[in-house]
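Please open the model in the viewer and keep the selection panel at hand. The tour below proceeds from one selection to the next.

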Amino acid sequence: MSAAWALTALLGAAGAQNLTAYSALAGSLDGAVQVRAQSAEQALNRLDAAGRALDELAPTLRNQQIVSGLRDALGRSRAALARTPAELEAQVQLARGLMRKALYDQSLAGLGAQPANASSQLLLLTREFGLTGDAASALNADAKAGRLERVAWRLQRAAVQKVSAALQATQAKQTTGSYVNLARATGWFTVVQDADGAGDLKLTQFGDALRQLTSGDTAALGASLTTLRRGTQAFAQTLAQPPAVATTPAAGASKPGTPTPATSPATSPATPPAPATPTRTGGAEAVYAALGRALAASGHADGVTARAALQDASAQLSRVGAPLRDTAEYLTLQRALEGAQNRAAPRPSDVQALISGLANAERAARGEPVSALDRASLSTAGWFSGWLRALIFLLLGVGVAAPLYLLNLAFGGRNVYWRAITGGLVLLLLPVFLEGVFGFLGALGDALGGGALAGLTNVTLSQGAYALPVWALLALGAIGLLAFGFRGLCMQFGLLGDQTGSAHTTVHHTVIDWDEDV
């Protein structure tokens with residue numbers, strides 16, 4: 001929209017909306033959709049501006065359920081940036097429906113008082129509801145004559161026509177086009193859901209259809225679309241003729257007023273619809289699925305796929321509802337996922353910690369005790385990972401040469417027992433060497449774009465279950481060599497075997513040569 005000049009003054013009575021903020025919010029949301037195909041960064045800047053406009057608009061909205069729904073819709077719009085432009089458009093359609101609902105309710109109440117700036121108020125309504133020409137002139141004439149029941153009728157008829165058109169364009173198929181059109185129909189029905197002509201048509205039915213579309217239940221979706229179209233047609237028939245003119249403006253003004261507190265205009269839009277990807281759900285199961293894909297990719301050093309799956313997990317997490325999102329563990333997991341999305345060289349242990357964090361959030365949502373070990377793992381993975389982990393283990397891996405060199409320098413290599421001890425220490429320290437050298441090379445390969453160099457991470461023994469038998473064999477060899485070496489030294493010193501050897505050693509201990517061959 002580009003009607004900011006018409007929105008600077010409106011609703012002088014108490015409870016009037018800040019329509020300068022309304023204009024900024026509408027323009028920023030629509031602008032985000034327009035620039036998303038060219039630049040996600042520019043779209044994010046528009047959404048940031050929309051957030052600031054919403055902060056200014058929120059205190060002037062009477063219905064705080066709409067405020068909550070708008071904040072949720074803005075959050076889902078941010079999450080949609082990581083997916084497709086179509087999903088961002090769908091989320092914006094839901095937010096715009098809530099905005100028009102607030103405008104419709106409060107404007108009709110304000111027009112009943114015949115404010116001095118009624119012309120600006122009516123101009124905004126005609127622009128928001130797409131009324132032009134004779135339709136706009138008729139709306140203005142009815143408003144100036146105090147026929148508010150006819151103002152409401154004209155606005156309702158325009159909204160229902162848009163609902164009907166969007167439903168006709170929606171197919172019972174898993175396509176982004178169907179998702180956007182169904183979201184558009186939901187947004188427009190949000191405006192008129194409390195009208196008498198709505199009959200049995202409910203906003204929850206639109207939400208159910210959105211969930212059926214995104215979950216792939218096309219059979220149920222087809223039935224829902226049929227019901228919605230039939231209900232919309234019946235709604236339109238009730239609006240075929242204008243209402244009779246009331247004898248007094250007050251009588252007409254009472255009909256299109258704001259909904260009673262018991263109504264919940266933000267019920268469906270405030271509950272995030274499922275994403276445009278039809279095979280995914282909107283709950284914790286979708287987060288687990290995305291984390292599972294990240295775990296599989298990190299298990300064979302595919303950092304690009306792992307990070308994409310982590311971004312998807314973060315987006316799916318933003319959709320979960322109460323009571324999961326109301327826990328402290330949810331916020332901790334959300335921050336951890338945000339930090340993991342662009343992390344270099346993601347390792348399986350990093351993703352496992354995120355999965356444990358999600359399990360903790362579920363336990364907290366059920367009122368069960370959370371795991372302190374899982375919480376500690378999630379916290380540790382947040383800082384001891386990526387390049388920090390790779391560099392520290394590189395220093396440790398290169399550093400294992402120092403004690404082995406000093407051992408050989410001090411005791412030489414001619415004594416078979418000392419050679420066995422040295423071999424045992426080599427086997428014990430080999431996992432550290434492999435983690436340090438090949439883990440660093442793998443991280444370097446991931447930073448350079450993957451390939452064979454990134455795959456060297458798979459040589460480390462902490463990468464997956466396949467390395468555990470190798471680690472066990474190395475430990476077995478180390479234990480055997482160390483036991484052999486230290487037993488031989490004990491025999492050489494007379495601590496085991498013939499006791500006369502012990503006496504001989506005691507008398508002549510000063511002439512024992514550490515390099516002596518036995």
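**Enclosed cavities and two alanines**

In this predicted model, the lining of the largest cavity comprises five nonpolar, five polar and two charged residues. To display this lining, select Ser 298, Ala 301, Gly 303, Ala 345, Pro 346, Arg 347, Gly 442, Ala 443, Asp 446, Ala 454, Thr 457 and Gln 463. The space that they enclose has a volume of about 70 Å³. Next, colour helix H20 (residues 416–447), which contributes three residues, the largest share of this lining.

Now centre the view on Ala 301, one of the lining residues. Ala 301 is found in the loop that joins helix H13 (284–299) to helix H14 (303–317). Its phi is positive, about 65°, although the residue is not a glycine. Most residues other than glycine have a negative phi.

Move next to Ala 345, in the loop between helix H15 (328–340) and helix H16 (348–365). Ala 345 likewise is not a glycine and has a positive phi, of about 50°. With a relative accessible area of 14%, Ala 345 is buried.

Ala 345 also leads to the second largest cavity, whose lining it forms together with Arg 347, Gly 386, Arg 389, Ala 390, Glu 435, Gly 439, Phe 440 and Ala 443. The volume here is about 60 Å³. Which helices should be coloured, each supplying at least two residues of this lining? They are helix H18 (386–399) and H20, and H20 provides the largest share, four residues. By class, the lining divides into four nonpolar, two polar and three charged residues.

To complete the survey, note that the model contains five cavities of 30 Å³ or more.

Methods. Residues numbered from 1 in each chain as written. Predicted model: local features only at pLDDT ≥ 70, side-chain atom pairs only at ≥ 80, totals over all residues. Heavy atoms only, no water. Buried < 20%, exposed > 50% of the residue type's maximum accessible area, 1.4 Å probe, protein only. 1 Å grid on protein atoms, 1.4 Å probe; cavity = no way out; pocket = protein on both sides within 12 Å on 5 of 7 lines; lining within 4 Å. Points joined across faces, edges and corners; volume = space filled by probe spheres on them. Nonpolar A, V, L, I, M, F, W, Y, C, P; charged D, E, K, R; others polar.
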